[in-house]
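I set aside this session for helix packing and one side chain. My entries follow in the order I looked things up.

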Amino acid sequence: MNFNPGSWLKNKDLYKYLAAIPIPAIIILIAVLIPFNNQTIFEPPWLLPVLNTVFVFAISIAVAYISAKSYLSGGSLSIFLLGCGMLAFGSAYLPSGWVIAAPGGINISVTLSNTGALFGSIFHLMGAILTSMRVNPELDSKRRQRNLTLAYPGILIFIILLTITSIQGITPLFFIQGTGPTLLRQVVAGTAAVLFAISAILFIRLYSRLKEIYLYWYALALMLLAVDLFAVLLVHTVGSLINWAARLPLYLGGIYFLNAIFIARKTARTRGISIEEAVANFFHESEENFKVLVETANDAIVSFDNEGRV
């Protein structure tokens with residue numbers, strides 16, 4: 001059986017292209033549903049809490065946990081900030097789903113989810129920028145532990161306080177069912193959408209440099225979150241068709257994050273290291289190892305382009 005490197009590369013590229021198709025497809029779907037924006041058609045009280053818990057909270061906490069372990073083992077400030085971002089994002093979406101059936105719950109839910117998204121996007125952008133700048137890792141293990149001890153509980157305390165103040169009506173109004181979002185909500189959600197989109201672009205650039213497929217799936221997940229937040233800017237009624245179309249990229253983004261975890265786990269097994277070490281290496285190891293390989297190899301190095309040419 002003959003092995004055709006060009007054919008293998010094409011199949012690999014096709015796999016990546018197929019993974020990106022849902023992004024424009026969802027954008028088209030949302031555009032089609034814009035006229036059907038003012039009528040609640042389906043909003044059972046149990047569905048949103050379950051979806052938010054499974055596809056947003058649980059997966060975000062898993063990513064935040066792996067990021068924390070990776071930060072402790074490798075000291076990458078970028079991974080530390082990504083973990084903070086996922087923790088802020090996921091922990092805000094947990095109560096946002098469960099309070100929606102309470103009096104004034106729709107406004108509380110929107111307040112929590114959009115604020116969590118804003119802080120999550122800020123952390124992600126900071127992490128992506130630091131990665132692009134190739135900032136040196138934190139070498140002091142005690143300082144790494146202290147940073148985590150302060151940051152992760154601090155984020156959870158902030159989300160708890162935000163939930164309490166939102167339920168008590170202290171926070172500014174974000175959303176009025178049937179009327180639509182307030183200006184504050186549009187600014188918060190719009191800013192988060194832009195920051196997530198920029199972060200996704202920076203991660204795509206990082207992937208193009210390091211060639212770690214984990215980074216590609218993470219970037220697509222971030223772009224799906226950006227699409228979700230851009231879409232919610234158009235929602236006037238929670239439970240409408242366009243509202244559910246806007247939630248679709250949110251939950252699909254969770255699946256993409258989960259797939260990134262599976263890729264990290266598979267890579268860790270292949271390399272004989274822990275998943276935390278694998279994630280830490282995704283941000284710097286490939287490029288450095290390639291440089292070492294090229295500089296020290298005694299044998300010829302052969303590569304193929306997309307057409308299978310040597």
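**Helix pairs and a threonine**

I began with the handedness of one helix pair, in what is a predicted model. H8 and H9 cross in a left-handed sense. I then took the geometry of this pair: helix H8 covers residues 213-232, helix H9 covers residues 241-271, and the two pack at about 165 degrees with axes 8 Å apart. Angles over 145 degrees count as roughly antiparallel, so H8 is roughly antiparallel to H9. I also sorted the residues of the contact of H8 with H9 and got 22 nonpolar, 2 polar and 2 charged.

Next I turned to helix H4 (residues 77-98) and helix H5 (residues 105-133). Their axes come within 8 Å and cross at roughly 170 degrees. By the same cut-off of 145 degrees, H4 is therefore roughly antiparallel to H5. What is the make-up of the contact of H4 with H5 in nonpolar, polar and charged residues? I noted 16 nonpolar and 10 polar residues there, and no charged ones.

Last I looked up a single residue, Thr149, which I found in helix H6, residues 141-167. Is Thr149 buried or exposed? I read a relative accessibility of 55% for Thr149, and because the cut-off for exposed is over 50%, Thr149 counts as exposed. I then asked which backbone oxygen the side chain of Thr149 reaches. The partner is the backbone oxygen of Gln145, at 2.7 Å. That distance falls within the 3.5 Å limit for a polar contact.

Notes:
Residues are numbered from 1 along each chain as its sequence is written. This is a predicted model: local features need pLDDT of at least 70, side-chain atom pairs count only at pLDDT 80 or more; totals for chains, interfaces and linings use all residues. Side-chain values use heavy atoms; hydrogens and water are left out. Helices (H or I, at least four residues) and strands (E, at least two) are DSSP runs, numbered from the N terminus. Buried means under 20% relative accessible area, exposed over 50%, partly exposed in between (1.4 Å probe, protein chains only). A polar contact is a pair of N or O atoms within 3.5 Å; within protein, one must be able to donate a hydrogen and the other to accept it, and residues adjacent in sequence count only if both atoms are side-chain atoms. Axes are lines fitted to C-alpha atoms, for helices over the stretch in contact, and angles run from 0 to 180 degrees between N-to-C directions. Angles under 35 degrees count as roughly parallel, over 145 as roughly antiparallel, 65 to 115 as roughly perpendicular and the rest as oblique. A crossing is left-handed if the near helix is turned anticlockwise from the far one by less than a right angle, and right-handed if clockwise. Ala, Val, Leu, Ile, Met, Phe, Trp, Tyr, Cys and Pro count as nonpolar, Asp, Glu, Lys and Arg as charged, and the others, Gly among them, as polar.
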